Amino acid sequence: STTDFFMPIVDDPFTFGAIASVNAVSDVYAMGGEPLMAIAILGWPVSKLPSGVAKQVLEGSRSICNKIKIPLAGGHSIDSPEPIFGLAVTGKLNKTDLKPNDTASAGSKLYLTKPLGTGIVTTAQKKGIVKQHHLQKVVDNMLTINTIGAEFGKLPYINSMTDVTGFGLLGHLCEMCQGSNLSDEIDFTKVPVFDFLDEYLHQKSIPGGTNRNWESYGAKVSLSGDKQKAILADPQTSGGLLVAVDPAHTASFETFCKNNGLALGSFGTMVPKKEITIEVYHP
């Protein structure tokens with residue numbers, strides 16, 4: 001049982017409701033489970049925005065619930081200064097399929113199922129500098145449901161898994177390392193990112209959450225340059241699954257992903273615990 005909610009990440013209410021719902025159900029998929037039902041959480045500025053707009057948010061949410069064949073079984077709404085929407089989600093799994101975020105083993109190879117950069121691009125939208133085709137790619141990415149997580153749960157050679165959201169890749173990887181009593185080495189050139197981020201980084205399109213993230217875990221990370229920090233600590237909305245795979249089975253995992261429409265490559269390796277939790281290098 002899990003919940004997640006936030007304020008609008010895009011302007012269109014239907015799309016906002018859909019993205020918030022994809023983000024919320026991801027927490028179940030990220031542990032290898034399948035959602036069973038959802039309950040809506042809605043905060044709405046009733047004196048500023050008509051109820052018809054809130055209805056569009058709910059319709060966006062229902063469209064996602066319909067896609068994954070679960071009921072949106074009611075919910076609760078309050079009057080709030082700004083729009084807030086999300087879901088409380090109940091899921092199920094076999095205990096043998098459970099993928100916690102603190103059970104990685106030394107030597108495990110790391111994979112990420114979605115590119116990084118949603119915070120950078122949505123901040124560019126707020127600044128009025130985003131190109132529409134770039135924004136659309138990011139929106140499509142945020143609307144991609146992490147249903148593959150339920151299949152990952154059945155793969156015994158995946159030893160740990162989580163999703164990457166507001167704490168950025170480094171934050172969620174720090175949790176995985178510390179919980180597993182390990183460290184990690186990242187090849188920055190292999191981290192999946194949107195290929196147009198440089199344009200917005202040059203225009204200082206960096207969300208406030210990036211610096212807050214860095215302040216909370218930067219002392220545990222070794223990297224070089226502001227670009228690496230801006231991308232790896234970028235807060236993600238409806239991000240991908242971070243997966244730790246037994247090194248003897250990477251070929252099988254990559255083939256499985258390819259057969260399910262994902263072309264993935266490893267970007268990091270879990271190693272025995274060192275003084276620095278995460279080391280980022282750029283060969």
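Visitor: Why are α6 and α8 called roughly parallel to each other?

Guide: This is a predicted model. In it, the axes of helix α6 (residues 168-180) and α8 cross at roughly 30°. Angles under 35 degrees count as roughly parallel. The angle of roughly 30° falls under that limit, so α6 and α8 are roughly parallel to each other. Their axes come within 9 Å.

Visitor: Which way does α6 pass α8?

Guide: The crossing is left-handed. On the α6 side, Gly 168, Leu 170, Gly 171 and Cys 174 make the contact. On the α8 side, Asn 213, Trp 214 and Tyr 217 do.

Visitor: What classes of residue does the contact of α6 with α8 have?

Guide: Four are nonpolar and three are polar. None is charged. Leu 170 and Cys 174 of α6 take part, and Leu and Cys count as nonpolar. Gly 168 and Gly 171 take part too, but Gly counts as polar.

Visitor: What makes α1 oblique to α2?

Guide: Helix α1 (residues 13-29) and helix α2 (residues 51-67) pack at an angle of about 40°, with axes 7 Å apart. That angle makes α1 oblique to α2. The roughly parallel class holds angles under 35 degrees, and the roughly perpendicular class runs from 65 to 115. About 40° fits neither, so the pair is oblique. The crossing of α1 and α2 is right-handed.

Visitor: Which residues of α1 and α2 meet?

Guide: From α1 come Pro 13, Phe 14, Phe 16, Gly 17, Ala 18, Ser 21 and Val 22. From α2 come Val 53, Gln 56, Val 57, Glu 59, Gly 60, Ser 61, Ser 63 and Ile 64. By class, this contact has eight nonpolar, six polar and one charged. Glu 59 is in the contact, and Glu counts as charged.

Visitor: How do you know that α3 is oblique to α4?

Guide: The axes of α3 and helix α4 (residues 132-142) cross at roughly 130° and come within 10 Å. That makes α3 oblique to α4. Roughly perpendicular ends at 115, and roughly antiparallel needs over 145. Roughly 130° lies between those limits, so oblique is the right word. The crossing of α3 with α4 is left-handed.

Visitor: What does α3 bring to its contact with α4?

Guide: α3 brings Thr 118, Val 121, Thr 122 and Gln 125. They meet His 134, Leu 135, Val 138, Asn 141 and Met 142 in α4. The contact of α3 with α4 has four nonpolar, five polar and no charged residues.

Visitor: What volume does the largest pocket have?

Guide: About 490 Å³. It is lined by 22 residues, and Phe 6, Ile 9, Lys 126, Pro 235 and Thr 237 are the closest to its centre. The lining of the largest pocket divides into seven nonpolar, twelve polar and three charged residues.

Visitor: Where does the largest share of that lining come from?

Guide: It comes from α3, with five residues. β1 (2-6), α3 (118-127) and α8 (208-217) each supply at least two.

Visitor: What volume does the second largest pocket have?

Guide: About 300 Å³. Its lining has 18 residues, and Thr 113, Lys 114, Pro 115, Leu 262 and Leu 264 lie nearest its centre. That lining divides into eight nonpolar, eight polar and two charged residues. Lys 114 is among the residues nearest the centre, and Lys counts as charged.

Note on methods. Residues numbered from 1 in each chain as written. Predicted model: local features only at pLDDT ≥ 70, side-chain atom pairs only at ≥ 80, totals over all residues. Heavy atoms only, no water. Axes fitted to C-alpha atoms, helices over the stretch in contact; angles between N-to-C directions. Helix = DSSP H or I, 4+ residues; strand = E, 2+ residues; numbered from the N terminus. Left-handed = near helix turned anticlockwise from the far one by under 90°. Contact = heavy atoms within 4.5 Å. 1 Å grid on protein atoms, 1.4 Å probe; cavity = no way out; pocket = protein on both sides within 12 Å on 5 of 7 lines; lining within 4 Å. Points joined across faces, edges and corners; volume = space filled by probe spheres on them.
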